[in-house]
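This report goes through a structure with its charged side-chain pairs, its surface and its strands in view. Please keep the sequence and the 3D view at hand while reading.

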Amino acid sequence: MAVANARLPPPLLLGAAGTNCSKQWKDWLQQFEWYALVAELDKKAANVQVAIFMSAIGQDAINVFNTFPEDKRVDLKLLITEFNNYFTPKVNITYERFVFNQVIQVAGQKFDDFCTELLSKSQSCDFNTLRDSLVMDRIVIGVLHDSDRAHLLSVNELTLDKAVQFCRAAEQARVQLTSLKSDPVQVDVVRKKVHNSSQNSSSTKPCSRCGTKHAWKKCPAFQKVCHTCKRTGHYSRFCKAKQVSTLDSTGNIGAAGDFVVHEMSKGGSPELSWYEDLLFDNGCVVRAKLDTGAQCNVLSLHHAKQAGLKVRPSTEKRNKYKEHHDRGTKLQQPLSVGQEVLLRVKRRKWKPALIVSTGPTSRSYMVKMSDGRVFRRNSWFLRALHSQDATQSSSTQTTTSVAPMIRTCLVFRVSHRVLLTNLFPAFRLPVQGMKLVLRQDLEGQ
């Protein structure tokens, strides 16, 4: 008995960019065959069958229908055959099998979708009786998790049904195991330290563990057991075990750019998280979670070394190192143009020179020696020459010519070495020169 309210399938849409006309035709024909079975179309006249078919197929296929011979338009079976020849191109079996062998399960893809894709692509590969066996092989090779692959390889007389049932069960078990875990394994938000001006003063905001305002370290929930997570330190109504994972920190701030991890709590589903693969210049790929609410980017030291990144101390640490290094130093006065200086030409050899101009960078100068040569040197290679010393220095004199510059000389003999302190006001001399000056000074007295 025919169903009176049977509905025709939607029209076949052709000509859209990027559409697969062959697949669309097969899907539409399958729906029409179901309609023809329900409506008992085979009991109607041939011309009525063709009219119903053309009314259902839609406007886009009429131009194709008009190209068919007249004798093919009067019978429904012959008309469907002509449409099959038109929409179904010649299949390249080698290429279809190549596409089938490239199918693998990607991250985030469910196993049922992966299996359906394999079965769909195997239809055009002409595997015949080997279809189930070859699909099973692709499941073993292309499944995402290595643990599932190892189990499938260890099963004797593995079939397609056994492989599908095990992979579905393993996927479901992983989802259930993830929901049962409560260990802190995921960080969703990283926040800066919050500065407390006074630890002893009462908080202006309610405590996140007890909900009341109290002094620092005076929380009434201290050592209280939570009935939700069975942990101590907070009440159950303020438990964060089921909330979104946050990483928060409180306490005195040591530096404006510090980020500190105090606690982590897990929540949500890993499948719903937003992960992307980051490709570095050296080819290293790191899977990272994208979080638009984070105040800094977090990367482990292991992945940073793999990516070839240069790891160095933070700005705050470098400033502390500089402060420690400079605490016993004095700011060197800049030199001026036309000032006479001593230029270091070797490690412990100094010669008089004259500053003719400043250099392109800070504390860089163009200096001219007595023989006319001009060099660009920074303040590390230059020493200011006092006015009383400039009249007695020359480029060819030995170190004995600077004897009048001696102010105070303290001599200590340790292991046959001479140590002189407060010898010269602005520069140092070689050890041999200091011995010679000392000897001449003692002989003069």
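## A nonpolar patch at the surface

Is Val356 buried, partly exposed or exposed? In this predicted model, Val356 has a relative accessibility of 36% and therefore counts as partly exposed, because that class lies between the limit for buried, under 20%, and the limit for exposed, over 50%. The residue is placed in strand 4, which covers residues 349-358.

Val356 also belongs to a nonpolar patch on the surface, where it is joined by Leu354 and Val374. Together, these three residues present about 210 Å² of accessible area.

## Salt bridges

How many salt bridges does the structure hold? The count is seven, and three of these pairs are described here, beginning with one that joins two helices.

Asp112 and Arg168 meet through their side chains in a salt bridge, with a distance of 2.7 Å from N to O. This pair links distant parts of the chain, since Asp112 lies in helix 6 (residues 111-122) and Arg168 in helix 9 (residues 160-180), with the two residues 56 residues apart. As for their surroundings, Asp112 has a relative accessibility of 35% and so counts as partly exposed, and Arg168, at 45%, likewise counts as partly exposed.

A salt bridge is also formed by the side chains of Asp371 and Arg373, where the N to O distance is 2.8 Å. Asp371 has a relative accessible area of 47%, which means that it is partly exposed, while Arg373, at 44% relative accessibility, is also counted as partly exposed.

In the pair of Glu40 and Lys43, the side chains meet in a salt bridge at 3.4 Å, again taken from N to O. Which class does Lys43 fall into, buried or exposed? Its relative accessibility is 64%, so Lys43 counts as exposed, the cut-off for that class being over 50%.

## A hairpin of two strands

Strand 1 (residues 275-279) and strand 2 (residues 285-289) run antiparallel, and five bridges join them. Which residue in strand 2 is the bridge partner of Asp277? The partner is Arg287.

Between the two strands of this hairpin there are five residues. Within the hairpin, Gly283 takes a positive phi near 90°, a backbone detail that can be looked up in the 3D view alongside the pairing of Asp277 with Arg287.

Methods
Residues are numbered from 1 along each chain as its sequence is written. This is a predicted model: local features need pLDDT of at least 70, side-chain atom pairs count only at pLDDT 80 or more; totals for chains, interfaces and linings use all residues. Side-chain values use heavy atoms; hydrogens and water are left out. A salt bridge is a side-chain nitrogen of Lys or Arg within 4 Å of a carboxyl oxygen of Asp or Glu. Buried means under 20% relative accessible area, exposed over 50%, partly exposed in between (1.4 Å probe, protein chains only). Helices (H or I, at least four residues) and strands (E, at least two) are DSSP runs, numbered from the N terminus. Patches are made of residues with over 30% relative accessible area and no salt bridge: like charges are joined within 9 Å, nonpolar side chains (Val, Leu, Ile, Met, Phe, Trp, Tyr) within 5 Å. Accessible areas come from the Shrake-Rupley method with a 1.4 Å probe; for residues, only the protein chains shown count as cover. Two strands pair if DSSP finds at least two bridges between them.
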